[in-house]
Amino acid sequence: MTKTTISVIKADVGSVAGHLVAHPNLIDTCDEVLAKALEEGLLEDYYITRCGDDIDMIMTHRNGEENEEVHETAFNAFMKATEVARGLKLYGAGQDLLSDTFSGNIKGMGPGVAEMEFKERPSDPIIVYCCDKTEPGAFNLPLYRIFADPFNTAGLVIDPSLHDGFKFEVFDVMEHRKVIMNCPEESYDLLALLGSTGRYVIKRIFKKNGEIAASLSTERLNLMAGSYIGKDDPAAIVRAQSGFPSAGEVVEPFAFPHLVSGWMRGSHNGPLMPTSQEEANPIRFDGPPRVIGLGFQVADSKLIGPVDLFDDPAFDRTRQQAADIADYMRRHGPFEPHRLPSEEMEYTSLPGVLEKLESRFEKMD
Ligand code: F6R
Ligand code: MG
Ligand code: MG
């Protein structure tokens with residue numbers, strides 16, 4: 001039986017009223033490009049959503065990961081949407097496209113990519129998460145909890161099909177290297193890395209038998225471009241049920257609005273607020289950072305759904321708590337730990353300030 005590939009490719013190519021919300025015409029433009037690819041048989045199905053100013057294209061096909069034609073189709077969709085964004089003078093038109101010529105693989109060209117290929121089970125639920133105003137390391141805490149924390153995932157303890165644990169592939173985005181670690185055996189070592197969310201990020205998670213369980217986008221746009229041109233708002237694909245954590249276990253960690261880096265000017269810590277697609281509008285102080293979750297069944301490479309997972313009153317208290325944390329953090333103004341440490345800020349005036357003061361600095365006694 002042929003395998004199914006899910007490719008989530010996302011980019012911010014322009015938004016309304018600043019870096020707030022992607023314009024519907026951009027989504028319609030992407031839709032036209034993907035509809036054509038569907039008609040031509042390259043794609044089996046697709047669903048387009050947005051989180052804040054980012055457009056996320058969730059595509060299914062049978063061509064495997066890093067397929068040139070699929071990546072080129074996504075690139076063309078974002079290029080066409082950029083033209084529309086320029087026509088409307090949208091804010092940040094084309095901001096995530098580092099080049100206007102496709103070079104064989106969309107990775108490294110600005111957009112974020114999360115992909116996985118698998119043989120479909122008799123019934124195959126998947127969950128796609130899309131964020132705005134944060135970075136890939138925002139997933140470290142929830143993904144660890146889903147696949148390694150028995151206080152989150154009951155199945156790790158009581159379901160024999162999960163009891164062996166999982167393997168985590170971790171990227172060191174600064175040194176460009178990666179390592180695979182076993183859980184629960186190496187959970188303390190794994191946490192020693194994952195706590196540094198700006199440097200070590202989960203790329204993929206596997207069952208011990210090698211089957212793929214989760215895949216994340218880890219592009220660090222700011223590092224790739226050498227200077228700040230936008231936050232690398234991440235996306236993730238997680239498989240659920242029978243041998244994987246259940247859908248409820250996969251959403252459970254998001255009931256805690258943990259602090260993530262991003263928010264205003266990519267330079268602040270703030271709570272990650274889970275919302276419905278409709279409420280994924282990071283407006284207050286350009287935030288607080290958002291995550292949406294969409295649940296699908298994959299059936300013969302078609303996407304059945306989605307269920308808008310955080311469109312649930314059970315997450316109202318999380319949103320309220322996130323709003324309370326946002327108030328608390330905001331009262332710190334320009335002080336850490338609301339403002340990020342200087343080496344992690346995307347915007348800084350510090351070198352200029354130091355230069356100006358250089359001649360006035362005196363030796364302390
Ligand atoms: C954060 C983000 C926004 C912008 C901010 C300033 O990821 O996109 O918070 O950093 O609105 O934007 P510019 O410098 O374009 O005026
Ligand atoms: Mg933007
Ligand atoms: Mg964004």
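This report describes the surroundings of ligand 1 and the setting of D12 in a predicted model.

## Ligand 1 and its shell

Ligand 1 is surrounded by eleven residues, of which H19, Y91, R265, D286 and Y347 are the closest. Sorted by class, this shell comprises five nonpolar, two polar and four charged residues.

Oxygen atoms of ligand 1 take part in pairings with side-chain N or O atoms of the protein. For D286 the distance from a ligand oxygen to an N or O atom of the side chain is 2.6 Å. The corresponding distance is 2.8 Å for the side chain of Y91 and 3.0 Å for that of H19. Considered alone, ligand 1 exposes 410 Å², and 80% of that area is buried by the protein.

## Annotated positions

An unreviewed UniProt entry carries the annotation "active site" for D12, Y228 and K231. Of these annotated positions, D12 is described further below.

## The setting of D12

D12 is placed in the loop that links β1 (4–11) and β2 (15–16). Its relative accessibility is 1%, and because the limit for a buried residue is under 20%, D12 counts as buried.

Leaving aside residues up to four places away in sequence, D12 touches H19, D53, D54, G92, G94, Q95 and D96. Within this list is H19, which is also one of the closest residues to ligand 1. In addition, a polar atom of the D12 side chain lies 3.0 Å from the backbone nitrogen of G14.

Key
Residues are numbered from 1 along each chain as its sequence is written. Chains are lettered from A and ligands numbered from 1 in the order in which they are written. This is a predicted model: local features need pLDDT of at least 70, side-chain atom pairs count only at pLDDT 80 or more; totals for chains, interfaces and linings use all residues. Side-chain values use heavy atoms; hydrogens and water are left out. A residue is near a molecule or strand if one of its heavy atoms lies within 4 Å of it. A polar contact is a pair of N or O atoms within 3.5 Å; within protein, one must be able to donate a hydrogen and the other to accept it, and residues adjacent in sequence count only if both atoms are side-chain atoms. Accessible areas come from the Shrake-Rupley method with a 1.4 Å probe; for residues, only the protein chains shown count as cover. Ala, Val, Leu, Ile, Met, Phe, Trp, Tyr, Cys and Pro count as nonpolar, Asp, Glu, Lys and Arg as charged, and the others, Gly among them, as polar. UniProt positions are given in the numbering used here, feature names are shortened, and annotations may be inferred rather than shown by experiment. Helices (H or I, at least four residues) and strands (E, at least two) are DSSP runs, numbered from the N terminus. Buried means under 20% relative accessible area, exposed over 50%, partly exposed in between (1.4 Å probe, protein chains only). Contact means heavy atoms within 4.5 Å.
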